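Biologist: Hi! Could you pull up the model so we can go through the side-chain contacts together?

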Protein chains: 2
Amino acid sequence: MDIEKAGSRREEEEPIVQRPKLDKGKGKAHVFAPPMNYNRIMDKHKQEKMSPAGWKRGVAIFDFVLRLIAAITAMAAAAKMATTEETLPFFTQFLQFQADYTDLPTMSSFVIVNSIVGGYLTLSLPFSIVCILRPLAVPPRLFLILCDTVMMGLTLMAASASAAIVYLAHNGNSSSNWLPVCQQFGDFCQGTSGAVVASFIAATLLMFLVILSAFALKRTT
Amino acid sequence: MDIEKAGSRREEEEPIVQRPKLDKGKGKAHVFAPPMNYNRIMDKHKQEKMSPAGWKRGVAIFDFVLRLIAAITAMAAAAKMATTEETLPFFTQFLQFQADYTDLPTMSSFVIVNSIVGGYLTLSLPFSIVCILRPLAVPPRLFLILCDTVMMGLTLMAASASAAIVYLAHNGNSSSNWLPVCQQFGDFCQGTSGAVVASFIAATLLMFLVILSAFALKRTT
């Protein structure tokens with residue numbers, strides 16, 4: 001009995017839609033066939049609703065993981081650079097040879113920029129969670145891609161400038177008579193090189209985040 | 001006479017779709033009402049087809065213009081750096097003081113990177129034109145945002161590394177006993193500074209291109 005009732009209820013809701021076959025003589029519509037593109041639109045509408053949410057949620061979860069790793073890496077780079085210092089064992093009556101990141105302005109800006117980027121990445125984790133919960137929402141994703149692009153630029157600037165200085169400290173430059181200081185401050189150079197490598201890793205992860213967001217934003221036609 | 005024919009042709013195509021009002025007693029469908037969400041779907045379908053193509057074409061044209069300017073700027077930066085050299089007026093029996101970009105490895109990589117980026121931006125102009133002609137097409141736009149992101153990173157790296165060296169050349173560093181060479185090679189430093197500024201402009205334009213592509217890619221729900 002229930003099946004019959006359910007059947008009749010479904011029959012009532014199921015819209016029977018057909019194309020109007022006009023009777024040439026009297027012009028009165030008898031039986032209607034569905035409009036040519038009706039099914040295609042309904043399929044596209046349903047198709048749009050189901051499949052993209054699935055893989056976009058996967059992209060959002062991957063985004064969250066990458067963002068977490070990038071945040072840790074950027075902060076580790078800043079911490080490593082800030083704590084790298086070396087005091088040479090020999091000294092004179094007035095002089096003690098000591099090197100730390102404040103001696104080079106590029107390294108100071110490196111610490112500041114990587115701290116800002118690490119902070120930004122940590123604060124952006126909630127937005128990434130919003131993208132996981134609502135994978136089809138555009139605004140949070142657009143906000144993330146804009147900020148990630150800018151932060152990626154900042155990180156790359158700081159990392160490359162410091163890399164140029166560290167390279168110079170390792171090799172010196174005969175044309176401009178700049179001597180390689182790493183021959184005296186080996187540990188200091190080791191520490192700063194490690195920090196620069198970490199910062200490049202964070203910048204690369206940010207680049208992946210931008211590319212991931214581009215895929216997540218794209219229309220699924 | 002034409003209006004009447006046009007009217008009948010439109011009547012023939014216009015699908016008359018109605019909800020099936022069942023005759024309680026005999027269960028035969030007489031007149032059909034449109035399904036509840038049919039109009040909403042058709043409107044959304046039409047709305048998706050018309051409005052976004054308009055503003056996305058505008059974005060694509062703006063993208064083309066920015067791309068053209070960025071290409072010129074990047075190539076100008078490379079050319080400026082490559083042609084900057086200075087020979088001091090005094091010289092000794094063995095020595096002539098001469099400075100050019102090959103004296104600093106960072107500057108050499110600057111010339112190479114900016115030439116690659118300038119070449120890329122020129123070759124990507126046809127893709128940008130494709131995006132103007134077919135504003136709703138996703139693949140060319142996705143290709144552009146991926147490459148622009150990588151090229152932006154490369155440009156920023158080259159520009160920042162060179163900026164660190166130029167800054168050092170202008171100011172020197174007392175901690176590491178690096179003397180400011182710009183005091184002797186003023187023109188050389190002027191030329192390299194100009195090239196670095198041009199490269200930062202190209203990098204900033206690339207950043208705008210990435211952000212523009214993100215907007216163009218986003219779904220218009």
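Modeller: Here we go: this is a predicted model, and we can take salt bridges, disulfides and aromatic pairs in turn.

Biologist: Great, charges to start with. How many salt bridges are there over all chains?

Modeller: The structure holds six of them over all chains. One is formed by A:Arg67 and A:Asp148, with 2.8 Å between the closest N and O atoms. A:Arg67 sits in helix H2 (residues 38-83) of chain A and A:Asp148 in helix H5 of chain A, so this contact ties together parts that are 81 residues apart in sequence.

Biologist: And are A:Arg67 and A:Asp148 buried or exposed?

Modeller: Both A:Arg67 and A:Asp148 are buried.

Biologist: What about B:Arg67, which partner does that side chain meet?

Modeller: B:Arg67 meets B:Asp148 in a salt bridge, at 2.8 Å from N to O. Here B:Arg67 belongs to helix H2 of chain B and B:Asp148 to helix H5 of chain B, so the pair ties together parts that are 81 residues apart in sequence. B:Arg67 counts as buried because its relative accessibility is 0%, and B:Asp148 is buried with a relative accessible area of 0%. In chain A, salt bridges that share partners join A:Asp63, A:Arg67, A:Arg141 and A:Asp148 into one network.

Biologist: Nice. Which residue does B:Asp63 bridge to?

Modeller: B:Asp63 forms a salt bridge with B:Arg141, and the closest N and O atoms are 3.3 Å apart. B:Asp63 lies in helix H2 (residues 38-83) of chain B and B:Arg141 in helix H5 of chain B, so they tie together parts that are 78 residues apart in sequence. The relative accessible area of B:Asp63 is 0%, which makes it buried, while B:Arg141 counts as buried at 4% relative accessibility.

Biologist: Switching to cysteines. How many disulfides turn up in the whole structure?

Modeller: A search finds two over all chains. A:Cys182 is joined to A:Cys189, with 1.9 Å from S to S, and that link is left-handed with -85° about the S-S bond. Both A:Cys182 and A:Cys189 are buried. In chain B, the sulfur atoms of B:Cys182 and B:Cys189 are 1.8 Å apart in a disulfide. The torsion about that S-S bond is about -90°, so the disulfide is left-handed.

Biologist: Why is B:Cys131 not bonded to B:Cys147?

Modeller: The closest cysteine sulfur to that of B:Cys131 is in B:Cys147, but it is 12 Å away, too far for a bond. B:Cys131 is buried at 2% relative accessibility, whereas B:Cys147 is partly exposed, with a relative accessible area of 22%.

Biologist: Last topic, rings. How many aromatic pairs does the structure hold?

Modeller: Three over all chains. One of them is A:Phe127 with A:Phe143, a tilted pair at 4.8 Å centre to centre and 35° between the planes. A:Phe127 is in helix H4 (residues 125-133) of chain A and A:Phe143 in helix H5 (residues 139-171) of chain A, so the pair links distant parts of the chain, 16 residues apart. A:Phe127 counts as partly exposed at 34% relative accessibility, and A:Phe143 is partly exposed at 37%.

Biologist: And what kind of pair do A:Trp178 and B:Trp178 form?

Modeller: A tilted one, 6.5 Å centre to centre with 45° between the planes. Each Trp178 lies in the loop between H5 and H6 (186-217) of its own chain, so the pair joins two chains. Both A:Trp178 and B:Trp178 are buried.

Definitions and conventions
Residues numbered from 1 in each chain as written. Chains lettered and ligands numbered in written order. Predicted model: local features only at pLDDT ≥ 70, side-chain atom pairs only at ≥ 80, totals over all residues. Heavy atoms only, no water. Phe/Tyr/Trp six-rings, centres within 6.5 Å; stacked < 30°, edge-to-face > 60°. Helix = DSSP H or I, 4+ residues; strand = E, 2+ residues; numbered from the N terminus. Buried < 20%, exposed > 50% of the residue type's maximum accessible area, 1.4 Å probe, protein only. Disulfide = S-S within 2.5 Å. Salt bridge = Lys/Arg side-chain N within 4 Å of Asp/Glu carboxyl O.
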